[in-house]
Amino acid sequence: MKQTAIGTGVAALTLGLALALSGCSSSTSAPAPSAESASPTEAALTPELEAGLQKALDQVRKEFDAPGIQAGVWTADGKWIGSSGVAKVGTDQPITPADHTRIGSITKTMTATVILQLIDEGKLSFDDVLDKYVPGMPNGDTATIKNLLEMQTGIPTYTGDTKVLNQYAADPTTTFTPRELVDSVKKQPAMFAPGAQFFYSNTNYVLLGMVIEKVTGTSIADNFSERLFTPLSMSDTSVPGTSTALPEPYLSGISEQTNPLGKVKNATNWNPSFASTAGEVISTIEDLHTWGEALGTGKGILSPETQQLREESVNTSVPPNTPQRSYGMGIVNTAGWLGHTGEIPGYNTVLNHKPETGTTIVVMVNSDITKGPQNQQVAPAVAAFEALAGILDPAAAESSSSPSP
């Protein structure tokens with residue numbers, strides 16, 4: 001999900017267009033190890049369908065004038081990975097499954113998972129109030145861990161009109177601590193009573209990261225590695241902290257954000273500390289597939305009971321959530337798909353898993369530049385996901401006009 005921010009000299013700074021480049025398009029496909037048959041509600045991954053998926057990628061890249069795009073589809077029938085364009089602006093370097101990208105707010109699904117693990121272990125409670133771990137925040141004496149997970153605290157977002165936003169806009173290589181990020185809204189009034197509304201605030205997930213470190217006594221990097229990445233063999237996924245580097249090979253990202261607003265810039269090495277546990281993680285398409293499967297099933301990361309609780313959390317009536325579009329415990333329901341989008345300057349990513357069919361879709365774009373009217377902006381990875389999902393299940397696409405993740 002995207003959080004729009006308006007600050008001095010900067011707009012639309014996000015945490016889930018250059019001239020079109022003539023790059024190469026490629027696709028690879030292979031049978032799934034345990035494939036039996038395609039879901040009856042989805043088309044099989046035939047050569048004709050794969051050609052349609054590739055055409056959709058090419059069209060989205062052209063429409064958004066993005067340097068490159070890569071997507072993967074995993075179904076009971078097999079898998080398909082395709083790409084269009086280039087990994088780095090100004091080159092003819094093709095995108096490959098080995099390329100690393102910044103995944104933005106998909107990081108939130110990982111932060112929430114560790115919190116749920118700590119609750120499983122009895123080290124945290126859903127009902128614990130924030131002040132117990134990070135005192136002094138708006139609504140801190142009444143907002144609970146559950147409220148933080150579900151974005152229902154009423155705490156303003158630091159990616160709004162704040163001092164740290166303006167510092168970042170002026171110099172996106174600036175390093176920030178989680179404390180600096182949350183303190184930027186510490187003196188602002190609460191937006192509403194906890195549990196009364198949903199509001200997507202990146203502050204909630206930086207605070208959850210601080211809670212994790214407080215409770216465990218170890219760093220976020222160690223927690224994510226030991227609790228998530230190592231058990232799931234996600235060897236190409238990492239927490240960069242204050243490092244501006246990406247592991248080789250990687251996608252080079254472009255953005256129109258920060259000052260001067262609207263000028264296309266190379267955002268590859270902007271400091272990810274501004275995103276912290278709301279959006280800093282780096283990963284690859286195969287690792288994101290692994291994570292999508294775990295996120296959608298709970299296998300390897302959560303007890304069946306907690307996974308069920310997490311999935312049921314999207315069945316919320318708290319406004320403005322709807323049955324077609326809702327935010328649960330670090331997981332988004334988009335017309336039956338469970339996952340998250342990721343937006344961070346230079347990069348746009350979508351990860352969704354459909355429990356009904358067991359299908360996972362991952363999309364990675366090395367641009368965060370959106371299209372459309374100011375209040376209806378569409379991100380390139382979201383457009384690509386919707387196109388791919390529609391090809392896999394045309395009937396569902398026709399019967400449901402799902403909002404953008």
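Is Asp183 buried, partly exposed or exposed at 33% relative accessibility? Asp183 counts as partly exposed, where buried means under 20% relative accessible area, exposed means over 50%, and partly exposed lies in between (1.4 Å probe, protein chains only).

This is a predicted model, in which local features need pLDDT of at least 70 and side-chain atom pairs count only at pLDDT 80 or more, while totals for chains, interfaces and linings use all residues. Residues are numbered from 1 along each chain as its sequence is written, and side-chain values use heavy atoms, with hydrogens and water left out.

Side chains of opposite charge can pair when their charged atoms come close. A salt bridge is defined as a side-chain nitrogen of Lys or Arg within 4 Å of a carboxyl oxygen of Asp or Glu. The structure holds 8 salt bridges, including those in the table.

| Salt bridge | N to O distance |
|---|---|
| Asp128 and Lys132 | 3.6 Å |
| Lys186 and Asp183 | 3.9 Å |
| Asp393 and Lys354 | 3.9 Å |

Asp128 is buried, at 12% relative accessibility, whereas its partner Lys132 is exposed, at 53%. Lys186, the partner of Asp183, is partly exposed, with a relative accessible area of 31%.

The third pair in the table joins Asp393 to Lys354. Asp393 lies in the loop between helix 10 (380-392) and helix 11 (394-399), and Lys354 lies in strand 13 (residues 347-354), so this salt bridge ties together parts that are 39 residues apart in sequence. Helices (H or I, at least four residues) and strands (E, at least two) are DSSP runs, numbered from the N terminus. Both Asp393 and Lys354 are buried. Elsewhere, Glu121, Lys123 and Arg227 form one network through salt bridges that share partners.
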